[in-house]
Every structure is written in structure tokens, then in C-alpha cells.
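Open your viewer and get comfortable. We will go from stop to stop, and at each one I will suggest what to select and say what is there.

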Amino acid sequence: MEVSHNIENHLNKLAIFLTRHLNHIHNLPDDWRDHYDNQNFTSRLERGQERLTSIIDIIARPHLKVVFVGRTSSGKSSAINALLNEPILPMGLGHTTSCFVEIRGSNQNQSWINIPGQEGTLDQRNSERIITSMNELGNALAEHPLQPDCCIQLFWPRSKAALLEDDVVLMDTPGLDVETDFDSWIDQFCLDADLFVWLMNGESTLMMREKAFFLQVKKKIAQPNIMVLVNRWDVASEEEEYWIHAAYEQHVARTLEFFQKELELQVSKSELLERMFFVSAKEQLEQKLAPGSTVRVSQDSLPSVKLLEERNNDWNRFLESLRSQLSCAYKGHRYLPYLDVGLDLARDIRDANDFVSKSGSEFITSKEHEIVKLNATMNDLEEHMEELTKELKGEVQTML
Ligand code: GDP
């Protein structure tokens with residue numbers, strides 16, 4: 001992808017300038033360095049250097065990652081299965097939700113799993129094992145109890161699932177209600193997520209643990225991209241009409257309040273509704289497994305048929321939106337937050353350079369020339385990054 005190379009190039013240059021700057025500071029007399037440290041430049045730039053290293057790492061990875069999160073039994077595995085048109089992941093079984101499962105496309109016709117740390121215990125290529133059914137995957141997982149921070153890789157033929165064609169990786173995660181340390185969770189598995197699909201339980205309200213997770217994500221990822229699936233809406237839809245309406249409004253109001261006030265995301269109600277879907281993953285999977293069949297509705301009445309149609313429409317809207325998000329991400333949208341981080345860092349480096357050339361001249365006269373030169377290149381780089389950001393934003397606008 002040309003865009004990613006371009007951005008990677010810019011950020012690599014930035015990393016070189018930053019190292020040059022920090023080395024330069026390191027060579028200055030101690031008493032002047034204290035003066036510089038008092039401005040918090042060192043801590044800011046060193047933090048920026050760390051962030052930049054992980055960003056460059058993420059950009060260099062070619063795949064797009066969609067992470068499914070929600071509490072246990074919210075329907076994460078069912079939703080992934082419905083997206084892939086088959087019951088690939090075991091559903092409703094404790095062991096599947098106790099670790100991470102990453103699903104990747106493969107160009108081969110068979111599916112296999114790779115369980116880290118199980119080398120030598122399985123019958124295929126060390127830790128790999130061919131599987132042909134959901135039962136086999138369930139059995140393999142049950143045979144090898146796994147730690148919550150373990151990630152199984154499941155390779156699935158691209159020919160069977162169009163969604164995996166463009167190097168998309170789907171990740172199923174342990175329930176957010178399971179006692180875990182979100183911090184290392186996010187660092188290990190979610191930091192490079194292009195998109196979060198948040199499975200909410202349509203029958204109940206938001207949990208503190210769900211909120212705590214996204215607040216932690218927000219601390220680490222500048223603008224997390226979140227889509228909301230209010231699942232099990234078939235169960236909620238069995239209630240009286242006024243109750244269904246009230247439940248719908250409550251889900252929208254509470255999610256909006258959480259997004260705006262706690263996550264501080266710039267999102268209006270209509271924008272939220274574009275990324276919020278009231279669905280039944282279970283029904284979708286049933287329809288995929290028996291194409292042409294009609295899902296049973298509890299009362300064979302006009303209102304319940306209409307509600308089923310609404311859930312189906314919302315699922316189709318989810319699919320379209322997911323495809324469009326992935327296509328945006330594929331074409332470069334995913335890099336915008338990283339470019340913003342890069343631009344902020346470029347400004348920090350320039351401020352620090354200015355500070356050195358203005359206040360430190362009595363110590364660094366011989367180095368002044370070098371700093372001015374560095375500032376000129378920084379200006380150039382900043383300009384290029386700003387142009388790239390503008391270009392990407394323009395491109396995204398035309399895609400939406
Ligand atoms: P996970 O723990 O979040 O991965 O949840 P699962 O996908 O394993 O689902 C847990 C249970 O809820 C299973 O028995 C599913 O069949 C059921 N389930 C999932 N989605 C729905 C839904 O939309 N409606 C109903 N009625 N049941 C669902």
C-alpha cells in the first residue's frame with residue numbers, strides 16, 4: 001500500500017530527527033540540561049519516541065484488525081460466525097471466551113489452528129492442527145486449557161468468506177466481565193485494532209466493566225473507531241411495543257452519553273445511529289445455515305414479522321457499514337490518528353529545538369548551525385505530513 005509506505009517514511013524520518021535531537025541534548029553541559037529538563041521536554045519527547053516506535057510497527061503490518069468485545073454471552077462468537085457464514089467458533093461454551101481467538105484468511109482449502117505454547121502436543125506442524133468442524137475446534141480448546149492472555153490463531157479459507165479476502169483479521173475476545181487486567185489485554189491485542197465491534201446485550205444496560213474497558217482504550221488509542229451491535233434484539237422484541245421502543249431509546253441515550261461525556265468522542269446522535277445496529281446474531285446465523293428458510297418468530301403476527309424484518313435490515317446495514325469502514329481503512333483512513341500523533345510530536349521537537357537555540361546559545365554556539373538546519377528539515381517534514389493528512393481526509397470524505 002503506497003499510502004502506508006509514504007507515512008512510514010515520514011514517521012521514520014521523524015524518529016531520526018528525534019534521536020538526533022535527544023543525542024544533541026545529551027552532549028550539552030549538565031547544568032544546561034537541567035534547565036532543559038525543567039521544561040518537561042525530555043519526558044515528553046521520550047514518551048513520544050516510545051509511541052512512535054509502536055506506531056511504525058503497526059503501520060508496517062499489512063492486515064486490518066477488527067476486534068469483537070462485549071461481556072460473556074453477548075454473542076461475540078455468534079456474530080463472527082454469522083459474518084463468516086458458518087458456525088466456526090463454538091458458541092456458549094466457557095472455554096472459548098477464556099482466551100483470544102484470531103481468525104485470519106488463508107489461501108489453502110483447509111482450516112487449521114495454531115495454539116501457541118502447545119508445541120509437540122498436536123499432530124500437525126508442531127503447534128498447528130487441521131480442523132474441519134466447530135466440534136474439533138471446541139475439543140482442541142478443551143484438551144488444552146489456555147490462559148486468558150493466550151491467543152489462538154485460526155486460519156480459514158478465504159474462498160469461503162469474502163470478508164477475509166482483503167487481509168482482514170477478526171478477533172474474538174474473552175468476556176469483559178471476566179476478571180482480567182485490561183491494561184495488558186489492550187497492549188497485547190488491541191493497540192493495533194482498526195475497528196472495535198462492541199456487542200451490547202439488548203436485554204440489559206451498560207456495565208461498568210464495559211465502560212472501563214473503552215475508557216482504558218481511549219487512553220491508549222487517540223480516537224478508537226467503534227461500531228455498536230445491540231444483540232439479542234430478538235429476545236427484547238418479544239416484549240410489548242411500548243417497552244421495545246423505550247428500551248431502544250434507552251440504549252441510544254446511554255450510549256450517546258457515554259461516547260460524548262466519558263469517551264469525549266465528537267459524535268452526534270445521528271452519527272451514532274449510523275454506527276449502532278439492533279440485531280440478532282443468532283437469527284442471522286440460522287438464516288445463513290438454512291438459506292431460504294424463514295426464522296420462526298414467537299408469535300406469527302404482523303408486528304413480529306415486521307420486527308424480524310427490521311432486525312434483518314439492521315444486520316444488512318451493519319454489513320455495509322463494516323465493508324465501507326474496512327475499505328476506508330484499507331485506503332488509508334486508519335493512518336489518520338497516527339499522522340496526528342506524528343504532527344504533535346513534530347511540533348514538540350520543533351519547540352524543543354527552538355528552546356535550545358534561543359536559551360542555550362552561550363553553551364552551544366558551535367552547534368547552532370546544526371539546530372537551525374534541523375529546524376528547516378522539520379518544517380519540511382511537518383508540511384509534508386500536513387499535506388498527507390489533508391489528502392487522506394479528502395479521500396475519506398469522498399468515500400463516505
Ligand atoms: P460470546 O460469549 O459473547 O461469544 O457469546 P456466544 O456467541 O457464545 O453466545 C452465547 C449464547 O447466546 C449462545 O447460546 C448463542 O446461541 C446465544 N445467542 C447469541 N446471540 C444471540 C441472539 O442474538 N439472540 C438469542 N436469542 N441468542 C443469542
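How many bridges join strand β1 (residues 64–70) to β7? Select both strands to see: they run parallel and 5 bridges join them. Two strands count as paired if DSSP finds at least two bridges between them. One bridge to pick out joins Gly 70 to its partner in β7, Leu 199.

Before going further, some ground rules. This is a predicted model, in which local features need pLDDT of at least 70 and side-chain atom pairs count only at pLDDT 80 or more, while totals for chains, interfaces and linings use all residues. Residues are numbered from 1 along each chain as its sequence is written, and side-chain values use heavy atoms, with hydrogens and water left out.

**The whole chain**

Now show the protein chain as a cartoon. Its secondary structure comes to 14 helices and 9 strands; helices (H or I, at least four residues) and strands (E, at least two) are DSSP runs, numbered from the N terminus. Of its 400 residues, 49% count as buried, where buried means under 20% relative accessible area (1.4 Å probe, protein chains only). Among contacts (heavy atoms within 4.5 Å) between residues at least 6 apart in sequence, 79% join residues at least 24 apart.

**Strand β7**

Return to β7 and select residues 195–201. All 7 of the 7 residues are buried, so β7 is largely enclosed by the rest of the structure. Turn on the side chains: Leu 195, Val 197, Leu 199 and Asn 201 point one way, while Phe 196, Trp 198 and Met 200 point the other way. In a regular strand the side chains alternate between the two faces of the sheet. Next add strand β8 (residues 226–231), which runs parallel to β7 and is joined to it by 6 bridges. There, Asn 201 has Asn 231 of β8 as its bridge partner.

**Strand β5**

Move to β5, residues 151–157, where 6 of the 7 residues are buried. Add β2 (residues 100–106): this strand pairs with β5 in the parallel sense over 7 bridges, including the one between Gly 105 and Trp 156. Then add β3 (residues 111–114), which pairs with β5 in the antiparallel sense over 3 bridges. Here Trp 112 has Phe 155 of β5 as its bridge partner.

**Leu 14**

Select Leu 14, in helix α1 (residues 2–26). Is this residue buried or exposed? Leu 14 is buried, with a relative accessible area of 0%. Leaving aside neighbours within four places in sequence, its contacts include Leu 52, Leu 345, Ile 349 and Met 385. Try a distance label too: Leu 14 and Glu 382 are 368 residues apart in sequence, yet 9.1 Å apart in space, C-alpha to C-alpha.

**The ligand**

Finish by showing the residues with a heavy atom within 4 Å of the ligand. These 18 residues surround it, and the closest are Ser 73, Ser 77, Ser 78, Gly 92 and Asp 234. By class, the shell has 3 nonpolar, 10 polar and 5 charged residues. Look for oxygen atoms of the ligand: one lies 2.7 Å from a polar side-chain atom of Ser 77, and a polar side-chain atom of Arg 232 lies 3.1 Å from an oxygen atom. Elements giving two or more residues to the shell are α4 (76–83), α8 (233–236) and α11 (281–289). Colour α4 last: with 3 residues, this helix supplies the largest share of the shell.

Terms used: Polar contact = N/O pair within 3.5 Å; in protein donor to acceptor, adjacent residues only side chain to side chain. Nonpolar A, V, L, I, M, F, W, Y, C, P; charged D, E, K, R; others polar. Buried < 20%, exposed > 50% of the residue type's maximum accessible area, 1.4 Å probe, protein only.
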